[in-house]
Structures are given as C-alpha cells and as structure tokens.
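Me: Please show the model, so that its architecture, charges and backbone can be discussed in turn.

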Amino acid sequence: MTSLVVYDSVFGNTEKIAQTIADTLHTKAVRIDEISLDLLRDLSILIVGSPTRAFTASKIILKFIKSLKNVNHHIEKVAIFDTRIDVDKQDNNLLGFMVKKFGYANDAMTKQFVKLGFKKIESTYYYVEGTEGPLAQDAVEKAKSWASEISA
C-alpha cells in the first residue's frame, strides 16, 4: 500500500505531526503548497492534515480536497487530522459555543471528502497548548500510534 501525507501548517505544529506520521509509514509528507497531483497516482492511503483556523480547515486544504473530484485515483482510504486547542482547558464560554456551532478542521475536511464519495475516512486530532503551540505532551506518540493503525 502506498501512502502520502499532505498538510498545511501555520506555526509548525501540524507539520511536526505530518512528518511524524510520514516517518512512521516510511512515506513522504508534502506541504500543500508543494503538492503535485502526480503524487496521487497509484496511492492507496491519502492522509491530510490541517490546523484548525477560524473553526475550519485552512482554505488551501479545502481547495485541494475539492480538486480531487477531477483526479482519476485509486485512493482506498482517507485519513485526516487536525491540530486544535483544547477548549475544555480554556476559560472561555464563547469559544466553547463557537466550537459547538462551527466545529474544527476535521469537520470541514470530512464534509468535503463525503461530498466526493469517499466512504473510508478515519480522523483524529492533536492538541496544541495555546494558540501557537507547542504540541501537547502526548501528541507525537499519539501520531505514531495512529499512523500504525491506519496502515493496518
């Protein structure tokens, strides 16, 4: 099975998770602004990661997902992840309300993949301490474990 990790990152947290997943799977992690649709040829597993920005995935990630409708591919499984703050650790009721109303990056990415007809979609998330990071203590180990699960 061939796999590829495509990601966007603002503060480096999503990139660190993407690289951890790619290293675990012995594959390549490609920043979204460097993606070539040729890389999707003969791909079995596509892994897409985005930071949560304004309660959704980054615009460039959503545009990439939408572009997959024009690609002849053999992708069997999609795995998505986002990085986000833990709203339960924030003393901000408005933030909690907004998350309940609008969600996270994973929600937006899942909707796009479902619209394209993908049936096997797995997702997870990684907490970031504060707005810019760093990643939560267990994030890298969690990423290694998740990568092993999705490749099985």
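The questions and replies below concern the model shown above.

This is a predicted model, in which local features need pLDDT of at least 70, side-chain atom pairs count only at pLDDT 80 or more, and totals for chains, interfaces and linings use all residues. Residues are numbered from 1 along each chain as its sequence is written, and side-chain values use heavy atoms, with hydrogens and water left out.

Me: In what order do the elements of the protein chain run from the N terminus on?

Reply: Helices (H or I, at least four residues) and strands (E, at least two) are DSSP runs, numbered from the N terminus. The protein chain has five helices and five strands. Their order is β-α-β-β-α-β-α-α-β-α.

Me: What radius of gyration does the protein chain have?

Reply: The C-alpha atoms fill a box of roughly 45 × 30 × 25 Å along the principal axes. The radius of gyration is taken over C-alpha atoms, and the globule rule is 2.2 Å times the number of residues to the power 0.38. For 152 residues, a compact globule would have a value near 15 Å, and the protein chain agrees, with 15 Å.

Me: Is Val 48 buried or exposed?

Reply: Buried means under 20% relative accessible area, exposed over 50%, and partly exposed in between (1.4 Å probe, protein chains only). Of the 152 residues of the protein chain, 45% count as buried. Val 48 is placed in strand 3 (residues 45–51). Its relative accessibility is 0%, so Val 48 counts as buried.

Me: How far apart are the closest N and O atoms in the salt bridge of Glu 141 with Lys 144?

Reply: A salt bridge is a side-chain nitrogen of Lys or Arg within 4 Å of a carboxyl oxygen of Asp or Glu, and the structure holds six of them. Glu 141 and Lys 144 are three residues apart in helix 5 (residues 139–151), and are therefore separated by about one helical turn. Lys 144 counts as partly exposed, at 35% relative accessibility. In the bridge between Glu 141 and Lys 144, the closest N and O atoms are separated by 3.3 Å.

Me: Which residue forms a salt bridge with Asp 33?

Reply: Asp 33 is exposed, with a relative accessible area of 54%. Its partner is partly exposed, at 22%. The closest N and O atoms of the pair are 3.9 Å apart, and the partner of Asp 33 is Arg 31.

Me: Which residue forms a salt bridge with Asp 38?

Reply: The partner is exposed, with a relative accessible area of 57%. The closest N and O atoms are 3.1 Å apart, and the residue bridged to Asp 38 is Arg 41.

Me: Which peptide bond is cis, with omega near 10 degrees?

Reply: The second residue of this bond, Pro 134, is placed in the loop between strand 5 (121–128) and helix 5. The cis bond runs from Gly 133 to Pro 134.

Me: What is the value of phi of Asp 42?

Reply: Asp 42 lies in the loop between strand 2 (28–31) and strand 3. At 58% relative accessibility, Asp 42 counts as exposed. Phi is positive here, in a residue other than glycine, and is near 60 degrees.

Me: What is the value of phi of Ala 54?

Reply: Ala 54 lies in the loop between strand 3 and helix 2 (59–67). Ala 54 is exposed, with a relative accessible area of 72%. Its phi is a positive value in a residue other than glycine, near 55 degrees.
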